[in-house]
Amino acid sequence: MIRIMLPAHLRMLARLGSGEVTVQVEGAVTQRSVLDALELAYPMLRGTIRDHATQQRRPFVRFFACEEDRSHEPPDAPLPEAVAAGSEPLMIVGAMAGG
């Protein structure tokens with residue numbers, strides 16, 4: 001099982017009590033496969049993390065795995081083994097902007 005930490009606004013949209021959800025991913029564990037599984041389990045999140053048409057990450061959304069920013073990696077790049085094994089979560093974070 002893949003663990004995913006969601007920001008508060010996405011937890012509210014998905015009506016989740018806790019910040020962490022788990023999904024099952026078949027095959028390679030990549031950003032794309034994890035987000036596909038997340039959107040399948042929680043269809044109300046479609047379009048909130050990545051664009052409907054292009055499947056590109058939304059500008060103010062960041063992905064962290066094993067304390068590293070994975071936001072600019074290709075969507076089909078493998079995530080770290082610790083994420084694939086479920087010992088570390090993939091964190092989806094809403095970036096802060098402004099000044």
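A nonpolar core is a set of buried nonpolar residues, among them Val, Leu and Ile, joined through side-chain atoms within 4.5 Å. Buried here means under 20% relative accessible area. The model examined is a predicted one. Its largest nonpolar core has 24 residues. Those with the most contacts inside this core are Ile-2, Ile-4, Leu-6, Val-34, Leu-38, Ile-49 and Ile-92. The elements β1, α1 (8–14), β2, α2, β3 and β5 each give two or more residues to the core. Helix α2 gives the most, with four residues. In soluble globular proteins, nonpolar side chains tend to be buried together.

Helix α2 spans residues 31–41. Its buried residues are Gln-31, Ser-33, Val-34, Leu-35, Ala-37, Leu-38 and Glu-39. An α-helix has 3.6 residues a turn, so residues three or four places apart point the same way. The cover over the buried residues of α2 includes four strands: β1 (2–5), β2 (20–23), β3 (61–65) and β5 (90–94).

Two residues of the core were followed through their contacts. Ile-49 sits in the loop between α2 and β3. Its relative accessible area is 0%, and Ile-49 is therefore classed as buried. Beyond four places in sequence, Ile-49 touches Leu-10, Leu-35, Leu-38, Gln-56, Arg-57, Arg-58, Val-61, Phe-63 and Ile-92. Ile-49 and Arg-62 lie 13 residues apart in sequence, with 9.0 Å between their C-alpha atoms. Ile-92 was treated in the same manner. With neighbours within four places set aside, Ile-92 is in contact with Ile-4, Met-5, Leu-6, Pro-7, Leu-10, Leu-35, Leu-38, Ile-49, Val-61, Arg-62 and Phe-63.

Charged side chains were examined next. The count comes to seven salt bridges. One of them joins Arg-32 and Asp-76, at 2.7 Å from N to O. This pair links distant parts of the chain, 44 residues apart. Arg-32 belongs to helix α2, while Asp-76 lies in the loop between β4 (68–69) and α3 (81–84). Arg-32 counts as partly exposed because its relative accessibility is 29%. Asp-76, at 48%, also counts as partly exposed.

Another salt bridge pairs Arg-58 with Asp-51, at 3.6 Å. Arg-58 has a relative accessible area of 28%, so Arg-58 is partly exposed. Asp-51 is partly exposed too, with 23%. Glu-73 and Arg-70 meet in a further salt bridge, at 3.3 Å. Glu-73 is partly exposed, with a relative accessible area of 30%. Arg-70 is buried, because its relative accessible area is 11% and the cut-off for buried is under 20%. Asp-36, Glu-39 and Arg-50 are linked in a network of salt bridges. Within this network, Glu-39 is one of the buried residues of α2.

The open spaces of the model were also surveyed. The largest pocket holds about 200 Å³ of space. It is lined by 13 residues, and the closest to its centre are Gln-31, Gln-55, Gln-56, Arg-57 and Pro-75. Helix α2 supplies the largest share of this lining, three residues. By type, the lining divides into four nonpolar, five polar and four charged residues. Some names recur from the earlier paragraphs. Gln-31 is among the buried residues of α2, and Gln-56 and Arg-57 are among the residues that Ile-49 touches. Helix α2 thus appears in three settings: as the element that gives the most to the core, as the home of Arg-32, and as a part of the pocket lining.

Technical notes
Residues are numbered from 1 along each chain as its sequence is written. This is a predicted model: local features need pLDDT of at least 70, side-chain atom pairs count only at pLDDT 80 or more; totals for chains, interfaces and linings use all residues. Side-chain values use heavy atoms; hydrogens and water are left out. On a 1 Å grid over the protein atoms alone, a cavity is a set of points where a 1.4 Å probe fits but cannot get out, and a pocket is an open set with protein on both sides within 12 Å along at least five of seven lines; lining residues have an atom within 4 Å of a point. Grid points are joined across faces, edges and corners, and a volume is the space filled by probe spheres set on the points. Ala, Val, Leu, Ile, Met, Phe, Trp, Tyr, Cys and Pro count as nonpolar, Asp, Glu, Lys and Arg as charged, and the others, Gly among them, as polar. A salt bridge is a side-chain nitrogen of Lys or Arg within 4 Å of a carboxyl oxygen of Asp or Glu. Buried means under 20% relative accessible area, exposed over 50%, partly exposed in between (1.4 Å probe, protein chains only). Contact means heavy atoms within 4.5 Å.
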